[in-house]
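Me: I have a structure in front of me and some terms I would like explained. Please go through them one at a time.

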Amino acid sequence: MTMTEDPTTPGYKWVGTRPIRPDGLDKVTGKARFGADLILPNMVEAAVLRSRHAHARILSIDTAAALEMPGVQAIITGDDFPPTDDMAPGDAHQAVKVMARDKVLFEGHPVAAVAATSRAEAQAAAKAIVVTYEQLPHVLTVDEAMADGAPILHDDLITANVDPAPETASNIASRAFFERGDLDEGFAAADAILERSYTTKPVHQGYIEPHAAVADSGQNGRANLWVSSQGHFDMRTMTAKVLGMSASKIKATPAEIGGGFGGKTTIYLEPLAVLLSRKANRPVRVVMDRDEVFMATGPTSGSSMKIKMGIKNDGTITACDLWMAFEAGAFPGSPVGAASMTALACYDVDNFRIEGFDVVVNKPKVAAYRAPGAPISAFAVESMIDELARAIDMDPIELRLANAAKEGVQAPYGPVFPRIGFIETLEAIRDSDHYRSPVPEGQGRGLASGFWFNIGGNSVATVNVHADGNVSVITGSPDIGGSRSSMALFAAEEFGIDVERVQPHIADTDTIGDTDVTGGSRVTLATGKVVVEACRKIVTDLCRRAAKTWDCEIEDVEWVQGHAQHVSGTESPLSLADLAANAGRTGGPISATHAENVRGAGAGFSTQLVDLAVDEETGQTSIVRYTTAQDAGKAIHPSYVEGQMQGGVVQGIGWALNEEYIHRADGTLDNPSFLDYRIPVASDLPMIDTIVVEVPNPNHPYGVRGVGEVGIVPPMAAIANAIDRATDCRMEHLPMSPVALLEAINERNAD
Amino acid sequence: MNTPHTKSVVSCTINGNATQFLADSGGTLLNALRDDIGLTGVKEGCGTGDCGACSILVEDRVTCACLIFAPEAEGATIVTIEGLAEADHLHPLQETFLEGAALQCGVCTPGFLMAAKALLDKNPDPTETEIRYALAGNLCRCTGYDKIIRAVQDAAERMRENA
Ligand code: FES
Ligand code: FES
């Protein structure tokens with residue numbers, strides 16, 4: 001097998017190359033074990049009974065008949081869980097989310113779960129459980145939820161961050177607020193002012209692997225849990241909290257994960273599996289059906305936004321007033337805070353006010369979705385900026401360059417940016433073949449940009465050198481898109497050995513130290529950093545061992561291309577394999593661990609350009625050409641960087657053109673299947689051209705910023721901007737589906 | 001109270017091996033392959049024929065295992081992802097998927113490989129559009145399809161060269 005050749009960065013032999021991923025063979029041969037692939041001896045299967053109502057009081061649950069059904073081993077309801085009274089509000093909400101107590105708050109809310117010898121038997125028994133409900137009025141949108149006299153989901157929910165605090169409960173969980181300068185002055189200085197309203201619908205992460213968990217509880221109060229998640233430490237800790245257990249009593253082992261995009265950073269099935277296993281006294285596997293995934297796991301927020309922006313004829317943005325309300329689903333916690341922080345982060349704006357509300361509605365609790373919140377506010381801001389560019393007749397790239405955030409600019413959410421690469425992404429698009437080619441006849445071209453923080457956080461790595469001189473790298477970060485490769489590349493670079501001699505491994509919660517979720521675009525940055533640091537500890541140790549062998553000072557030894565060398569050149573160099581073979585005589589096994597709460601994440605920016613055609617007869621949009629430029633800081637394995645960029649763009653295309661939760665008036669979901677919730681397929685798309693920009697993050701040993709998320713921020717606005725240029729229809733609501741676009745075209749024709 | 005389960009013995013050929021299994025009359029071939037026969041490389045993404053993760057070859061035709069009742073496999077010749085590689089070498093598609101980073105999470109990969117094999121067995125020199133349409137029944141949420149399409153193009157070329 002061959003490798004694609006890239007010019008390597010001067011000084012790097014491995015970082016920046018494209019080796020075959022270490023877990024690849026298992027994944028192309030069907031050997032890789034994902035969440036639902038584990039079969040334990042004596043294991044039974046589970047099914048979850050879910051509410052068909054969006055909002056109802058549970059009057060009674062009768063499990064007597066179900067318990068008599070064939071194969072049934074155990075049934076649990078809310079009564080089997082510890083009370084939530086003493087839990088912190090967030091934990092109590094989590095506990096009630098995974099199993100309803102006195103009320104159901106969304107269609108799909110679990111009310112009971114059954115373990116039986118087969119899945120079919122468990123499902124049959126679940127159907128035989130009799131639940132009596134008193135239906136309650138529901139709210140589905142922020143407008144309904146915020147209206148006077150709206151039905152209230154949580155009697156104790158008082159809006160946070162409002163002064164003075166409200167005295168009565170409402171559906172508004174909290175308010176985010178950021179402001180700077182003087183709005184009135186800003187608008188007074190503007191030559192053009194525009195005001196617009198935008199809405200977006202809830203969209204699902206759409207990972208192809210449904211949620212799955214296997215649990216095996218013991219009489220000693222401990223449990224083994226196998227999870228397909230973005231972070232088995234968090235799964236363990238959240239599960240323990242909900243069950244009133246001490247976290248270390250649960251050992252969570254990561255399965256391969258079949259996509260997450262943020263949606264697998266929280267628990268759904270895990271506590272149910274642990275409890276059922278305890279009660280059934282057998283291992284339990286529970287796997288969601290696809291409709292359960294849509295009904296009961298996190299989409300991201302639907303939203304309503306109002307924006308007013310002012311601009312001078314020279315392109316200076318003078319003021320921005322942005323109001324947003326986000327659906328949180330049934331429990332507080334929409335990403336409106338992040339949406340507020342990121343909304344204007346691409347730009348240096350002197351006067352702004354950004355206000356965001358987190359609003360509960362009778363839908364599934366939202367979960368993180370790739371750059372949570374940022375794509376939503378960017379849809380408003382980047383659409384508006386395109387309209388302003390047209391209003392003052394300025395090129396949209398020049399307008400962005402005129403206002404671009406750069407080193408030394410204070411971000412709207414507070415900190416001053418260190419070196420960042422936003423301008424470089426704009427220039428990369430401006431200089432691209434795509435931008436320099438004329439827009440084909442009958443098509444529209446749109447551009448938009450986006451920002452995401454990227455994060456660091458807790459990571460731990462243990463590096464072991466085997467007696468044959470090969471290396472194991474053990475971390476706690478589930479590999480969702482090729483991160484094992486990056487870990488191997490870091491180790492190969494640090495040791496100066498062939499990357500194939502490095503075997504990465506992702507360990508369970510008892511084997512490696514506490515590691516945060518694979519999310520926030522943090523793994524290559526933070527887990528990569530601890531791998532590098534652990535390798536450096538070993539290199540120091542290897543030099544010490546060589547000094548011992550040569551009976552010289554450690555200062556006289558240096559590590560060069562996989563060998564310890566004596567600075568004088570008098571000794572023949574000792575390879576890693578030589579030193580490993582001799583380890584018993586120089587201090588024993590060669591191993592090091594590094595644990596760190598990694599700081600110094602580098603902000604990520606993306607600028608994207610799209611050409612599209614709209615069929616005016618049907619309202620159907622075809623994406624013809626797409627180019628995305630993103631600052632990776634440093635691409636460790638460029639193929640997987642490109643893959644993140646392409647994947648983010650295509651999720652954004654789906655969000656822009658087709659995807660939405662469609663609820664019936666009774667609060668039930670009308671489209672909980674991949675047939676009716678249509679994500680992009682291969683025949684919908686062209687190739688997605690990528691330009692990897694590398695403005696190194698000064699705070700990382702290899703300059704990494706993180707690449708997973710920002711790619712999904714610009715597409716919705718880029719596509720709306722292109723549709724506007726193609727059709728003269730400004731779409732202010734997502735999705736811009738054929739039906740919606742046709743309506744807009746008809747309205748335009750009527751004018 | 002015991003619901004009688006009708007079970008029947010099904011004989012078929014899976015990955016070249018004569019195989020017998022006890023099939024639940026109402027169970028899908030997907031469940032039989034995964035839970036009874038142990039071929040968990042065949043994935044379930046939806047159970048309703050909408051994602052292609054369960055794609056297998058039945059008489060050389062790409063088929064959703066979730067849409068077939070297990071007893072329907074009687075007498076059939078079936079190939080799953082576990083039967084794609086030879087003992088000493090991978091199928092060219094497996095090689096080009098690895099080299100071209102055509103998988104991120106990898107859960108869709110078995111289905112894509114089987115669908116792509118069915119395409120290339122019929123059409124050794126497909127256009128990009130033909131590949132895109134042949135794979136339109138397989139969902140991938142991670143890659144945006146770009147590298148998958150390229151990997152299929154590369155495999156087609158490699159297979160033509162070695163034909
Ligand atoms: S599982 Fe068969 S098509 Fe999705
Ligand atoms: S690689 Fe994850 S769904 Fe295709």
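**Two helices and two chains**

Reply: In this predicted model, helix α3(B) meets helix α5(B) through Phe112(B), Ala116(B), Leu119(B), Leu120(B) and Asp121(B). Their partners in α5(B) are Ile148(B), Val152(B), Ala155(B), Ala156(B) and Met159(B). By kind, the residues of this contact divide into nine nonpolar, no polar and one charged.

Me: What makes α3(B) oblique to α5(B)?

Reply: The axes of α3(B) (residues 109-122) and α5(B) (residues 146-162) cross at roughly 40°. Angles under 35 degrees would count as roughly parallel, and 65 to 115 as roughly perpendicular. Because roughly 40° falls in neither range, α3(B) is oblique to α5(B). The two axes come within 11 Å, and the crossing is right-handed.

Me: How do you know that Arg285(A) forms a salt bridge with Asp35(B)?

Reply: The closest N and O atoms of Arg285(A) and Asp35(B) are 3.1 Å apart. The cut-off for a salt bridge is 4 Å, between a side-chain nitrogen of Lys or Arg and a carboxyl oxygen of Asp or Glu. The pair is within that cut-off, so the term applies. Between chain A and chain B the count is five salt bridges.

Me: How many residues are in contact between chain A and chain B, and what area do they bury?

Reply: In chain A 60 residues are in contact with 49 residues of chain B. The chains bury about 4,400 Å² between them, with 59% of it on carbon and sulfur atoms. Val28(A), Ile208(A) and Met687(A) supply 17% of the area that chain A buries against chain B, more than any other three residues.

Methods
Residues numbered from 1 in each chain as written. Chains lettered and ligands numbered in written order. Predicted model: local features only at pLDDT ≥ 70, side-chain atom pairs only at ≥ 80, totals over all residues. Heavy atoms only, no water. Axes fitted to C-alpha atoms, helices over the stretch in contact; angles between N-to-C directions. Helix = DSSP H or I, 4+ residues; strand = E, 2+ residues; numbered from the N terminus. Parallel < 35°, antiparallel > 145°, perpendicular 65-115°, else oblique. Left-handed = near helix turned anticlockwise from the far one by under 90°. Contact = heavy atoms within 4.5 Å. Nonpolar A, V, L, I, M, F, W, Y, C, P; charged D, E, K, R; others polar. Buried area = accessible area lost by both parts, 1.4 Å probe.
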